[in-house]
Amino acid sequence: MGKLHLEVITPAGVVASVQADMVVAPGTDGKFGVLPGHIKFLSGIVPGELHYTNGNKTEYMAVSSGFAEVNNNRVSILVDSAEIAGNIDIKRAMSALERAKQRLTKKLDTGDTDLARAEASLKRADSRLKVSGKSS
Ligand code: ATP
């Protein structure tokens, strides 16, 4: 069946460019899995956990928002940010989560945009904290 080639790309650079037997990613319509031979597919990506297996190794990553394209055994994930589990700064994510929670509960901000930003920030921090626990 062959392998997949997974690329996780952010504005800061290529976070992963690896071979994989399976990729599972957080799509806008829910979690989706990709195996070699998958049909051409496009999806939005929402903040959450992406993981892939290669042989008997599984690697976990936290991704934020963006897009995924599956074509010809290539899985391209284009997101605003992505961190490999072991590279996540837990203290930083905890303070981001706390900041976002305060903004949401105290409604410190007046405009809707700022609350939406706080919600998005909370989701990023939450997924970073969950994924950081899966570092190998
Ligand atoms: P913060 O408020 O702590 O900056 P954020 O959610 O606003 O968090 P982003 O704008 O999503 O941060 O990311 C900016 C850059 O910082 C990206 O390159 C991202 O990978 C990196 N980054 C953000 N939070 C962490 C973290 N907890 N650990 C490691 N890298 C992080």
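# Asn 73, its loop and the chain around it

User: In this predicted model, between which two strands is the loop that holds Asn 73?

Analyst: The model is predicted. Asn 73 sits in a loop, with one strand covering 66-71 and the other covering 74-79. The strands on either side of Asn 73 are S8 and S9.

User: Is Asn 73 buried, partly exposed or exposed?

Analyst: Buried requires under 20% relative accessible area and exposed requires over 50%. Asn 73 has 24% relative accessibility, so the residue falls in the class between these limits. Asn 73 is therefore partly exposed.

User: Which residue has its backbone nitrogen 2.7 Å from a polar atom of the Asn 73 side chain?

Analyst: A polar contact needs a pair of N or O atoms within 3.5 Å. A polar side-chain atom of Asn 73 lies 2.7 Å from a backbone nitrogen. That nitrogen belongs to Gly 37.

User: What is unusual about the backbone of Asn 73, and what is the value of its phi?

Analyst: Most residues other than glycine have a negative phi. Asn 73 is not a glycine, yet its phi is positive. The value for Asn 73 is about 65°.

User: What is the phi of Asn 72, and is this residue buried or exposed?

Analyst: Asn 72 also lies in the loop between S8 and S9. Its phi is positive, near 60°, in a residue other than glycine. With a relative accessible area of 69%, Asn 72 is over the 50% limit and therefore counts as exposed.

User: How far apart in space are Asn 73 and Arg 124?

Analyst: In sequence, Asn 73 and Arg 124 are 51 residues apart. Taken from C-alpha to C-alpha, their separation in space is 28 Å.

User: Which strand holds Ser 76, and is Ser 76 buried or exposed?

Analyst: Ser 76 belongs to strand S9. Its relative accessibility is 17%, which is under the 20% limit. Ser 76 therefore counts as buried.

User: Which residues do Leu 42 and Ser 76 each touch, leaving aside neighbours up to four places away in sequence?

Analyst: Leu 42, in strand S5, is in contact with Ala 68 and Glu 69. Ser 76 touches Ala 68 and Glu 69 too, along with Glu 7 and Phe 67. The residues on both lists are Ala 68 and Glu 69.

User: How far apart in space are Leu 42 and Ser 76?

Analyst: Leu 42 is exposed, at 66% relative accessible area, whereas Ser 76 is buried. The two are 34 residues apart in sequence. Their C-alpha to C-alpha distance is 9.7 Å.

User: How many helices and strands does the chain have?

Analyst: From the N terminus on, the elements run β-β-β-β-β-β-β-β-β-β-α-α. The count for the chain is 2 helices and 10 strands.

User: What is the radius of gyration of the chain?

Analyst: The C-alpha trace spans about 55 × 30 × 25 Å along its principal axes. For 136 residues, a compact globule would have a radius of gyration near 14 Å, and the chain agrees with this. Its own value is 16 Å.

User: What share of the residues of the chain count as buried?

Analyst: The accessible surface comes to about 8,000 Å², with 52% belonging to carbon and sulfur atoms. Of the 136 residues, the buried share is 40%.

Terms used: Residues are numbered from 1 along each chain as its sequence is written. This is a predicted model: local features need pLDDT of at least 70, side-chain atom pairs count only at pLDDT 80 or more; totals for chains, interfaces and linings use all residues. Side-chain values use heavy atoms; hydrogens and water are left out. Helices (H or I, at least four residues) and strands (E, at least two) are DSSP runs, numbered from the N terminus. Buried means under 20% relative accessible area, exposed over 50%, partly exposed in between (1.4 Å probe, protein chains only). A polar contact is a pair of N or O atoms within 3.5 Å; within protein, one must be able to donate a hydrogen and the other to accept it, and residues adjacent in sequence count only if both atoms are side-chain atoms. The radius of gyration is taken over C-alpha atoms; the globule rule is 2.2 Å times the number of residues to the power 0.38. Accessible areas come from the Shrake-Rupley method with a 1.4 Å probe; for residues, only the protein chains shown count as cover. Contact means heavy atoms within 4.5 Å.
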